[in-house]
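Visitor: I have a model here and would like to understand the words people use for it. Could you walk me through how such labels are earned?

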Number of protein chains: 2
Amino acid sequence: MALRAGDSQAAMTGVKEKVLTLDTMNSSIRRVEYAVRGPIVLRALELERELRQGVKKPFTEVIRANIGDAQAMGQKPITFLRQVLALCAQPDLLNSPDFPEDAKSRAEHILRACGGHSLGAYSISSGIQLIREDVARYIQQRDGGISADPNNIFLSAGASDAIVTVLKLLVAGQVQTRECIEAVIRFAFEERLFLLADEVYQDNVYAEGSQFHSFKKVLTEMGSPYAEQQELASFHSVSKGYMGECGFRSGYVEVVNMDAAVQQQMQKLMSVRLCPPVPGQVLLDVVVSPPAPSDPSFAQFQAEKQAVLAELAAKAKLTEQVFNESPGIRCNPVQGAMYSFPRMQLPPRAVQHAQELGLAPDMFFCMSLLEETGICVVPGSGFGQREGTYHFRMTILPPMEKLRPLLEKLSQFHAKFTQEYS
Amino acid sequence: MALRAGDSQAAMTGVKEKVLTLDTMNSSIRRVEYAVRGPIVLRALELERELRQGVKKPFTEVIRANIGDAQAMGQKPITFLRQVLALCAQPDLLNSPDFPEDAKSRAEHILRACGGHSLGAYSISSGIQLIREDVARYIQQRDGGISADPNNIFLSAGASDAIVTVLKLLVAGQVQTRECIEAVIRFAFEERLFLLADEVYQDNVYAEGSQFHSFKKVLTEMGSPYAEQQELASFHSVSKGYMGECGFRSGYVEVVNMDAAVQQQMQKLMSVRLCPPVPGQVLLDVVVSPPAPSDPSFAQFQAEKQAVLAELAAKAKLTEQVFNESPGIRCNPVQGAMYSFPRMQLPPRAVQHAQELGLAPDMFFCMSLLEETGICVVPGSGFGQREGTYHFRMTILPPMEKLRPLLEKLSQFHAKFTQEYS
């Protein structure tokens, strides 16, 4: 009912100071910096508010190219996913002729595994048993039969979602070759590191010749001693891939070779947050166990999935092309995921000016871009770029008809900015 | 991609030790104890597995009377809530003649406030603006017009849900009189404490003469200096009340008189976990802004809500009666919430035997109860009971036809247990 924050102060001069202040609060929170939703995004929100209030700007809308939010950018949800969810949410619809039979039987199957046959009941802390079994089967198929134990799988939303988020700040989102993964595993083994693999982009592989390799599969195929000893946690999510269902906050982590006592502690930690949101667990189930070829929804499901992935691949290609035609910008092929991470040259006077303002040079560039064009991208300085280089991170998600003008506007702004500070 | 856990060890004797062990892991996690989902619940899960495998037990099913999970206990969800959710999940249903117009217009209204008009897009970290505005209006009405600012309201799921959970461990779930709340506020003000009010049971008030008073309302009506200076955070949730929608992980916290700089830090902390699950935000919106008398769904909504609350009140009464007729058990009137917290006498030999086993005496009782009857309740020792007293916590949620035999079985077991150790 009440927490004491800081010591009570003897000095009482009229109005009391707040109990909870920057000085008395948990100092570790003060130190958190979050690149994707930092000052740039706060300013973007302010600009949107000003636009709504009729304040004149050199642009008419703010374009959120900072975050991988597919459906906010107009991507349509996959019909079958939402059909199953609607049926689970409102089981009266099981009598409706407007839903295909496979969606209905899937919904019934899932509801039977829910407490009280309802989405509104808590699940067990690690997530619904049936869904963890489906996840295990999915991983097993993905990895060509290497077994996966439902007891090693934890469905996630809050805490582990935050872990994934923090990890993204440490690692840039490219497809890794099999050789590269093997080298990482050997390195981790020799240096006694616990491996964390952010594999949320396993469906988003666009570049020709690129292929997704799971850490678990490579680890297992490397054999002894790696297969039985190297500790690994692998993350996946319904927010990315062809699904883009960010708002449901749903995903899972599979742990491999974890110490049994630590895994019990992890179970305890999970149980404190009660359970992952159940609607998101339902979507996850459909993702890891999609309609089979004999099911009535199979054709539509596949067509929608392929259409989303094909459009993302085309946008990845376009992004690379337009940026590489711009002087002073270099963009590696976007092999996977939903982001480009172009490197840009910034003139020395701009760097100097940024430093006078107390800003990282790429932060200064991104802030200027936002103010003048309404385009919101994230400075590379939040992602650990090499000293003396400047990058920005931008999604490839805007719809095709918006993406080309967006890329051109950004390139033109960079040219103008370069000229202005030369 | 990789975190170093502990220092690398020089000694290499064949098989390496795990990197992550109880010794090298974050020690603060080891210390977490969680009463509601501790050893009793783990054992209950095991027993359920054994029952499924055909192992003979003195009972045929495990009854989860440990946690306030209404829908798992058979409570039906409120139709209008689920209609709006199904419409939002699958907007094709907006053309279906099977949904009332008010559910449709509500769903359209909410979808317009979602990124990309989809539940699958991230919301801003503190939750959808429209929904926070509806929450503010709801609080304002609840408190007789005292203003509530949407900017002080944060929709919650993961992190703050854990906060609420921890708080529940500190406080037993009774209705507070207005005088009691005033005394708490005066005490907090003098001792310079930050007040945290767990108000998730604001709809669950059963006892005659009992009434819900919000901390914010009392604080405001107490006037200067409390109204402008006492810091407060008040929590609410869709898991309790007449809704019982635990699986959606949805709620909010309103902060009052918080230091502006600290509130910015809170915003930052929220933004790291991206956003609360959007389906739960939708349910919350309907809860704080239910159908109005002129709406077609009003009558059904009210009837369902009143029926749920009336049944809970009857179950609260029954629980009190049956326990108070049992020698050695005393149960205060269940004035609100979803739990009874009866005090029981335990014979000295049982206490001694428990101590020999290294268990708290009420843990020993609850574990024996579970093993012999399949009834799962939580020992009071997890909730900070007075030294030398013994309690257990039990929900009043099982359906009426199951609750009476359950209460009687529990009372009989207590009598047998008492005799056995006398």
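Guide: Happy to; we will take two helices and their contact, and please keep in mind that this is a predicted model.

Visitor: What does chain A consist of in terms of helices and strands?

Guide: Chain A has 15 helices and twelve strands. Of its 422 residues, 47% count as buried.

Visitor: Why is Gln412(A) called exposed?

Guide: A residue is exposed if 12 or fewer other C-beta atoms lie within 10 Å of its own. Gln412(A) has 12 such atoms within 10 Å, so the label exposed applies. This residue is found in helix H15 of chain A. Between Gln412(A) and Pro327(A) there are 9.9 Å in space, C-alpha to C-alpha, although they are 85 residues apart in sequence.

Visitor: How do you know that the length of H15(A) agrees with what a helix of 21 residues should span?

Guide: The expected span is 1.5 Å times one less than the number of residues. For the 21 residues of H15(A), residues 400-420, that gives 30 Å, and the end C-alpha atoms are 30 Å apart, so the two agree.

Visitor: Which residues of H15(A) are buried, and what puts them on the same side?

Guide: The buried ones are Leu403(A), Leu406(A), Leu407(A), Leu410(A), His414(A) and Phe417(A). They cover an arc of only 100° around the axis, and therefore lie on the same side of H15(A). On the other side, Glu401(A), Pro405(A), Gln412(A), Lys416(A), Gln419(A) and Glu420(A) are exposed.

Visitor: Which residues of H14(A) meet H15(A)?

Guide: From H14(A) come Phe365(A), Ser368(A), Leu369(A), Glu372(A) and Thr373(A), which meet Lys409(A), Leu410(A), Phe413(A) and Phe417(A) in H15(A). By type, the residues of this contact are five nonpolar, two polar and two charged. The helices pack at an angle of about 115°, with their axes 11 Å apart, and the crossing is right-handed.

Visitor: How do you know that the span of H14(A) agrees with its 13 residues?

Guide: The reasoning is as before: at 1.5 Å a residue, the 13 residues of H14(A) should span 18 Å, and its end C-alpha atoms are 18 Å apart, so the values agree. Among the buried residues of H14(A) are Phe365(A) and Leu369(A), both of which take part in the contact with H15(A).

Visitor: What comes just after H14(A)?

Guide: Gly374(A), which takes a positive phi of about 80°.

Terms used
Residues numbered from 1 in each chain as written. Chains lettered and ligands numbered in written order. Predicted model: local features only at pLDDT ≥ 70, side-chain atom pairs only at ≥ 80, totals over all residues. Helix = DSSP H or I, 4+ residues; strand = E, 2+ residues; numbered from the N terminus. Buried ≥ 20, exposed ≤ 12 C-beta atoms within 10 Å, placed from the backbone. Arc of directions from axis to C-beta. Axes fitted to C-alpha atoms, helices over the stretch in contact; angles between N-to-C directions. Left-handed = near helix turned anticlockwise from the far one by under 90°. Contact = placed C-beta atoms within 7 Å. Nonpolar A, V, L, I, M, F, W, Y, C, P; charged D, E, K, R; others polar.
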